[in-house]
Amino acid sequence: MMLIPCPWCGPRDEIEFHYGGQAGVAYPQDPQAVSDQDWAEFLFFRDNPRGEFAERWLHAAGCRRWFGLRRDTVTNRVLDSDDTRTVTQ
Amino acid sequence: MAPRTPGADLPEHPEWLWSSPEPKASYDAVIVGGGGHGLATAYYLAVNHGMTDIAVLEKGWLAGGNMARNTTIIRSNYLWDESAGLYEHSLKLWEGLEDELDYPLLFSQRGVLNLAHSLQDVRDSVRRVNANRLNGIDAEWLDPAQVAEVCPIIDTSEDLRYPVMGATWQPRAGIAKHDHVAWGFARALDRMGVDIVQNCEVTGFERVGDRIVGVETTRGPIRAGKVAMAAAGHSSVLADTLGLRLPVQSHPLQALVSELLEPVHPTVVMSNAVHVYVSQAHKGELVLGAGIDAYNSYSQRGAFHTIERQMAAAVELFPMFARAHVLRTWGGVVDVTPDASAIVGLTPFEGLYVNCGWGTGGFKATPGVGWCFAHTIANDGPHPLNAPFSLERFTTGALVDEHGASGVAH
Amino acid sequence: MSRFRLRTGGRIDRDRPLRFTFDGREYQGYEGDTLASALLANGVHQVATSIKHGRPRGIMAAGVEEPNALVQIEKPFPEPMQTATTVRLADGLEATGLPGQGRLATDPDPARYDSMHAHCDVLVVGAGPAGLTAALTAARSGARVIVADADTEFGGGLLGTSERLDGAPADTWVRQAVAELDRYPEVRQLPGTTVFGHYENNYLVALEHRGEHAHTRQRVWRIRAREVVHATGSHERPLVFSGNDRPGILLAGAARTYLHRYGVVPGERVAVFTTDDSAYAAAVDLHDAGVEIAAVVDARGSVPPPWESLCTERGITLMPGSAVVTTSGRERIDQVRVAPWWQDEAAPGAEHTRIACDTLLVSGGWNPAVHLHSQARGGLCFSEDLGAFVPDGYPPSVRSAGSAAGEPTTDACLASGADAGARAAVACGLTAEPADLPRAGSVPVRSGRTVWMVPSPTDSTGDTQYVDLARDATVADVRRAIGAGMESVEHIKRYTTLSTAHDQGKTSGTLASGVITELLGRSTGEIGTTTFRAPYTPVAFAALAGRERGDLYDPVRVTSIHDWHVEQGAPFEDVGQWKRPWYYPRGDEDMEAAVLRECGAVRSGVGIQDVSTLGKIDVQGPDAAEFLDLVYTNKMSTLKVGRVRYGLMCHADGMVFDDGTVARVDEHRYLITTTSGGAAGVLQWLEDWLQTEWPHLRVHLTSVTEHWATIALAGPRSREVLSRVAPGMELDKDGFPFMSWKDGTVAGHGARVFRISFSGELAFEVSVPWWHGREVWEALVEAGEPLGITPYGTETMHVLRAEKGLPIVGQDTDGTVTPYDLGMGWAVSKKKDDFLGKRSFTRADTARTDRKQLVGLLPADPDLVLAEGAQVVEHPELPAPPVPMLGHVTSSYRSAVLERGFALALVEAGRDRIGDTVHATAGDRLVAATITDHVFYDKEGARRDG
């Protein structure tokens, strides 16, 4: 049960959150213009690092806001949270 | 009280298992990952394709990753033809594997029940049973009374929050002893002259242009004609060293055992809705799997609330488990794909092959995937059974969406 | 009183005798006993036979580390695999010994279990000398402290020794400490509570034993602590020698605990075999309690001076530089053989001294209980001095104190606890005063000789040298594993099953690592340990399940009209967490009869359904229209205020994942509906896109599912019914056209009425504030009574919509189906530049024209209803498997209006096959069916205006 620092509500138990995977994956500006391969990248391919990971969390049982977090995927230690990175673009 | 000696009737291990040689400078093929899949792949490369100048490289102790951590369920009752083909091939190999390896794998075909708890579960289950039968896989739909006959300890009353509305039943499904499987393959490989190199972590690849010619390891560089990845949860980390992206995410998956108990549970029970899967192993311990933790992690441990939820489900379905005790919990790292199906095939690099993305379902596929992956490596092209499991499917959209059948899994 | 129970001393209540039964025999013990202490007091050592070899096994320890004394509780309620050393004696307790395998009760467990959340500044795990000084120091600083100890009373090791603090018996100080902790309002003491898991960010879980007859038998504490002090103590390590498993062989510290805690002596003539100082105290204390000490055998070359004089004063024979090489005895030890063994010699000498005894106390040193520390990812290193693993490197906000940190004496434990408590308090921003500590005047401890196993002159293979008594794993087993080529501790433990029993190797783990390392010929420094995993001690499934059983397993959601449905005797269908009425049987109708009647009523008269469970989301903001254009496949910005449009949602991969209606409330406001089961997921998904991709859009989303009770009135006479309770509302087809909505008054309440239809019939959906749902429902039922209004459930709703070819997302789709596959290309805008899913439609596989498509199926036999889930194949005869499958039946019913069975199916290139005969599985047979258009009834839509 990690303690996740919601930038709006403060630290809360992990069960209040919904995980959103890698942060910073932007929806293509013009999806119709990208190749099938690039579209597949957007749909299905995400970074999966062992170590520091910038990821998205939703405070689903709280303020319902998405926010970004850096976490070490080996220790599960939260490195920081930053409400300015709530958007992907 | 007559002294019972649980587990005393278990077979003894053979006198000799495998040796631990120093790695050679070069091999015809190197397999990265000494888990079940890596070992089985090496085995079928040797047996089916005559390749024995092989090394299986394991970063820790042999079969110490997910192979040592899974709940050992074996079944082939998957929905889609592609999965059914691969898993059924695997199940058929399981059925002859003890004899072939001359090693007691404790393969026990005690059947699996996949429970349905809603009208839609029933529809999906009947659909899967029908598909299985047409694919030549033994499958039956059981009503609650029949479920109770197969496994009397399940609460099939209407009192449950989500009552059991029936189940699919695959009699040929079962369990095996994971360590024995790994050791059986390792022993056979040792006899055929294949090198099993432990404590040898692959840290990168050697390439000439787009051709892979070897690996860099913590025990020095090793050249290889072909390099095959069977690194499960760590596949992305390896592929990253080549700039190769894989559509997999690594998650914790937990499991647990109880203390040894007198036999009460005759089969394997899985439920996606009342999330539990449980069998009773040979010595008498209940083996239960928990759900996948939602976040990416390589920590080999998950969150405790996942275990608590799992126990609520177990006691809900099996009231008699109330005073069984959780003895030990543990976690593995599973690599999950967007369609809950594996990736087995070629890569954009010549001489590099990938097998990953098995999520929660890898153990049962062990011999089957070994067979097909070996074929892929030896022929530089996929076997018909693993052809649908290519990397390209994510681009074309021809996914093999097994979320329904694998759900939580296994 | 038995000769093994002293007349005085111990913490038992001799005025409260308790009767209990063990293995069918009745015994007596006292309040305060454990089952083990009561058995020993009755002279019973053997508790069970061993798991593999069937050898007699006795009580070895006095706590959770017990490897042998496994019992099955029979009464008060069957519970398997308890250690006699941790079972609190109770009147009427019945237990039997277990050979390593327990038995589950067949009756339901009557007990209740629950859980508590707690937060604190400092959690102190363990209330021994270190834990108490840690808790006191932190509490004095003003910290919010929780202190938990597995034992029923605080004091830890101080309760089982003759130790004195500041000249008074140690328990006097313990009482004072507890009394002081009692005075701090922010301190919570949890005796009888085992902390069994340490997870991320100092989240710890503990199990409180509240008593067999308590309202809650056990309680799980979920504790979030800013700082944690592990004062978890240590476990004494046995020694491996030939015949080291006989009943009557106890850990020396355990014997001391039985003496001081329970007033029990383990035997009449006791030998001691040790490699460290602590066992001397046991010898001295037992001697002073009247027990004959046969000899103290010490593998070290000399006896530590203070103990030498204490023993000599008492006439205790000392045998330094010696080892017990073997034992004998049938059901209990009756003799040990001792041989000289100097430190630099590989094996003991050949000459033996035989010493008769009925008890052998052993001590191979102490293993700090580093389990929780390790779970918290604290580092470990092997201490040559202690011959054990000790904490080496702490994670943030975690520290160990006392013997858990390797401290050897009571004084050191007291000081290290106070220090850890102070540092924890400071880390919380508090000021800690230097603690005024009591003095034990501990005798300095000389480091031990680390001995893993004593080579045996008679057993060269090691068959009788037990490393793990719980698993009957011997030195010979380890030799075999190594002989098979194994080099890793993990492999050897798996091969031999070492340390995998109920005790998870509390006595055997380090010992096993030591033995393995020695047999592999490696240096002690290379010893590795296996990973410590939760739980520290076994926890009942039911305790972890807590209250989440039965109806509390998952929340039950019901509508405001629910009770009415119950009163009508409707069975319910689970849809997500919702309970929805499935059908309303009348008399002895079965479901089919009821559904045919309900369907008939809607098609010819009027029906009423509670559709409150549909998800409803209020979408507001200047950019609401633009937002909805992006998330629906069809265009919502062109929808006029007052109008309603059907909408499909796809994930970005182009697969349908929800549908519903979109009503434009005003220029900047829409009310959208979702499927009942999908509401939460849709809202979350919408928020995801809104917040993370299109934060520039000024839109707010609010779930209003439970603001509105919604009632569907369907059938040609629905207008008539509604008009009776909504007299002011214009309801004719021009004043209230199809796919529009209006506000008005229905049955005296403000209502929003939609003219939408899921059955193809004239229909209205009336939404009123949730609170008034039942009242309005009853008013509508009453108004419709003369017209034969018929309540209908989800099954009838499904049949009616299937007759109209309308898919149900999740039933006729499975996450692999596009709008085009559903034949709903009409709901996909061609005009919009983009919407979620659009790009995916042109991928190679998604663009195929022979994908599985939703079609109708009419069985050749009109009486037949195909099975939902039946597979569809081309030919009437089944070839050998694998049989190519064209698709499957997604929905199938008997239709009142069609007077036959009909189905919807997803079939490969289905729309090109219309008119073809295909075959569907029906058990082991195939039945013929014709592919048709998926709309079966009123294709032209003539009925919707009534």
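Within chain B of this predicted model, 14 residues of domain 1 are in contact with 10 residues of domain 2. Domain 1 of chain B is assembled from the segments 22-68, 179-248 and 339-396, while domain 2 of chain B takes in 109-172 and 249-336, and the C-alpha centres of these two domains lie 30 Å apart.

The area buried between domain 1 and domain 2 of chain B comes to about 950 Å², with carbon and sulfur atoms giving 52% of that figure. As for the polar side of this boundary, the count between the two domains is 0 salt bridges, although 4 residue pairs are found in polar contact across it, both residues of each pair being at pLDDT 80 or more. On the side of domain 1 that touches domain 2, the largest share, 3 residues, comes from helix α6 (residues 235-240) of chain B. Sorted by class, that side of domain 1 has 6 nonpolar and 8 polar residues and no charged residues.

From this boundary inside chain B we can turn to the one between chain B and chain C. Here the contact draws 85 residues from chain B and 100 residues from chain C, and the buried area is about 7900 Å², of which 54% is given by carbon and sulfur atoms. On the chain B side, the residues that lose the most area to chain C are B:L134, B:R161 and B:R323, which together account for 12% of what that side buries.

Charged and polar pairs also cross between these chains. The rule finds 12 salt bridges across the interface of chain B and chain C, and one of them joins C:E868 to B:R123, with the closest N and O atoms 2.8 Å apart. In addition, 44 residue pairs are in polar contact across the interface of chain B and chain C, again with both residues at pLDDT 80 or more.

Several elements of chain B each supply at least two residues of the side that touches chain C, among them α3 (119-134), α5 (178-191), β12 (249-260) and β16 (325-336). The element that gives the most to this side is α7(B), with 10 residues. Taken by class, the side of chain B that touches chain C divides into 44 nonpolar, 21 polar and 20 charged residues.

Strand pairing links the two chains as well, for β16(B) is joined by 2 bridges to strand β31 (residues 539-540) of chain C, the two strands running antiparallel. Within this pairing, B:V326 has C:V539 of β31(C) as its bridge partner.

Methods
Residues numbered from 1 in each chain as written. Chains lettered and ligands numbered in written order. Predicted model: local features only at pLDDT ≥ 70, side-chain atom pairs only at ≥ 80, totals over all residues. Heavy atoms only, no water. Contact = heavy atoms within 4.5 Å. Buried area = accessible area lost by both parts, 1.4 Å probe. Salt bridge = Lys/Arg side-chain N within 4 Å of Asp/Glu carboxyl O. Polar contact = N/O pair within 3.5 Å; in protein donor to acceptor, adjacent residues only side chain to side chain. Helix = DSSP H or I, 4+ residues; strand = E, 2+ residues; numbered from the N terminus. Nonpolar A, V, L, I, M, F, W, Y, C, P; charged D, E, K, R; others polar. Pairing = 2+ DSSP bridges. Domains from an automatic or database assignment.
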